[in-house]
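Here are a few exercises to work through with a structure viewer open. Try each task yourself before reading its solution.

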Amino acid sequence: MGILVDKNSRVIVQGMTGREGASHSRAMKEFGTQVVAGVTPGKGGTDFEGWPIYDSVAEAKEKHGANVSIIFVPPAGAADAVLEAAHAGMPLIVLITEGVPTVDMMRAVQEVHEVDKLSRAQGGPGVRLLGGNCPGLVTNGECKVGIMPNRIYEKPGRIGLISRSGTLTYEAAKLLNDAGMGTSTTVGIGGDPVIGTTFADVLPMFEADPDTDAVVLIGEIGGADEEAAAEYIAQNMKKPVVAFISGRSAPKGKRMGHAGAIIMGDVGTPESKLAAFKAANVPVADTMPEIIEMIKAAVGK
């Protein structure tokens, strides 16, 4: 069920031996994720809590058949960690790190796209980057690759969830869970100005997923990802979508939390996002609990 990850995903952790990498490796394992190895340059050949540690992603991938990598590397080295995983042919790379310099992310995202095109041209699976500054993703009851709290993603559901905000992702998932609906897959795309995967990249996956009946999209001020998502929905999606836009009361020019959540001129305004979703016939909730009412109406519950 769900998209991108499932019970067969085999995950390596770049930066496993650091504090955050270690903590979340344990939590992912407790969830049931197949965490198979860690990568920490200079510590190859050692063992960490039963996991083998390698000096390179390529070696870990070859030895364990890994197809997902999650990165807990400090900002200065995070982009290089992404590129190492990409050039090793890792199909899915999840970058949790916040505060990666924008110029580094621009370079990494562009190079990942080039590696992806080459992989697909050669008949490979491609390479996808999720994040940075994202909570990761989770397919309920099967696989978590990220930092979400385990307890709200144990029960499988049929609502897809995409979000730029980490904490609002958790809140929406818990609301859906408490309402007896649950989520199929939750994807946190990240709140930075430059990210590897956008709303418009994920929506087609949910549209094609037989185990997803509807989608909740949580956006925020800043950037034009929501407008692009609305255009895609209007032209391509048959499944219902419900949206929520955070930061609607923020004054222009004021950054609110995320590095990407800043209005510059007429770009990224709440008005432009609301207008785009209205044109696409996507209802926008004014409060988080209202999402549940709208989703129930959309799927006829």
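The exercises below use this predicted model.

**Exercise 1. Find out how helix α6 and helix α7 are arranged relative to each other.**

Solution.
- Step 1: Locate the two helices; α6 spans residues 199–208 and α7 spans residues 225–236.
- Step 2: Look at their axes, which lie 8 Å apart and make an angle of about 30°.
- Step 3: Apply the cut-off: angles under 35 degrees count as roughly parallel, and therefore α6 and α7 are roughly parallel to each other.
- Step 4: Check the handedness; the crossing of α6 past α7 is right-handed.

**Exercise 2. List the residues through which α6 and α7 meet, and sort them by class.**

Solution.
- Step 1: On the α6 side, pick out Phe199, Ala200, Leu203, Pro204 and Glu207.
- Step 2: On the α7 side, their partners are Asp225, Glu226, Ala228, Ala229, Tyr232, Ile233 and Asn236.
- Step 3: Sorting this contact by class gives 8 nonpolar, 1 polar and 3 charged residues.

**Exercise 3. Decide for proline 204 and for alanine 60 whether each is buried, partly exposed or exposed.**

Solution.
- Step 1: Place proline 204 in helix α6, and alanine 60 in helix α2, which covers residues 57–64.
- Step 2: Recall the cut-offs: buried means under 20% relative accessible area, and exposed means over 50%.
- Step 3: Proline 204 has 29% relative accessibility, so proline 204 counts as partly exposed.
- Step 4: Alanine 60 has a relative accessible area of 0%, so alanine 60 is buried.
- Step 5: See what surrounds alanine 60; beyond residues up to four places away in sequence, alanine 60 touches Ile12, Ala37, Val39, Tyr54 and Gly65.

**Exercise 4. Compare separation in sequence with C-alpha distance for two residue pairs.**

Solution.
- Step 1: Alanine 60 and glycine 38 are 22 residues apart in sequence, with 7.4 Å between their C-alpha atoms.
- Step 2: For proline 204 and methionine 237, the separation is 33 residues in sequence and 7.7 Å from C-alpha to C-alpha.

**Exercise 5. Relate the UniProt annotations to the model.**

Solution.
- Step 1: An unreviewed UniProt entry lists Tyr170 under "binding site".
- Step 2: In the model, tyrosine 170 sits in helix α5, residues 166–178.
- Step 3: Setting aside neighbours within four places in sequence, tyrosine 170 contacts Pro135, Ile147, Met148, Pro149, Ile152 and Tyr153.
- Step 4: UniProt (unreviewed entry) also annotates residues 4–100 as "domain: CoA-binding".
- Step 5: Across residues 4–100, the chain is 35% helix and 26% strand, and the end C-alpha atoms are 24 Å apart.

Definitions and conventions
Residues are numbered from 1 along each chain as its sequence is written. This is a predicted model: local features need pLDDT of at least 70, side-chain atom pairs count only at pLDDT 80 or more; totals for chains, interfaces and linings use all residues. Side-chain values use heavy atoms; hydrogens and water are left out. Axes are lines fitted to C-alpha atoms, for helices over the stretch in contact, and angles run from 0 to 180 degrees between N-to-C directions. Helices (H or I, at least four residues) and strands (E, at least two) are DSSP runs, numbered from the N terminus. Angles under 35 degrees count as roughly parallel, over 145 as roughly antiparallel, 65 to 115 as roughly perpendicular and the rest as oblique. A crossing is left-handed if the near helix is turned anticlockwise from the far one by less than a right angle, and right-handed if clockwise. Contact means heavy atoms within 4.5 Å. Ala, Val, Leu, Ile, Met, Phe, Trp, Tyr, Cys and Pro count as nonpolar, Asp, Glu, Lys and Arg as charged, and the others, Gly among them, as polar. Buried means under 20% relative accessible area, exposed over 50%, partly exposed in between (1.4 Å probe, protein chains only). UniProt positions are given in the numbering used here, feature names are shortened, and annotations may be inferred rather than shown by experiment.
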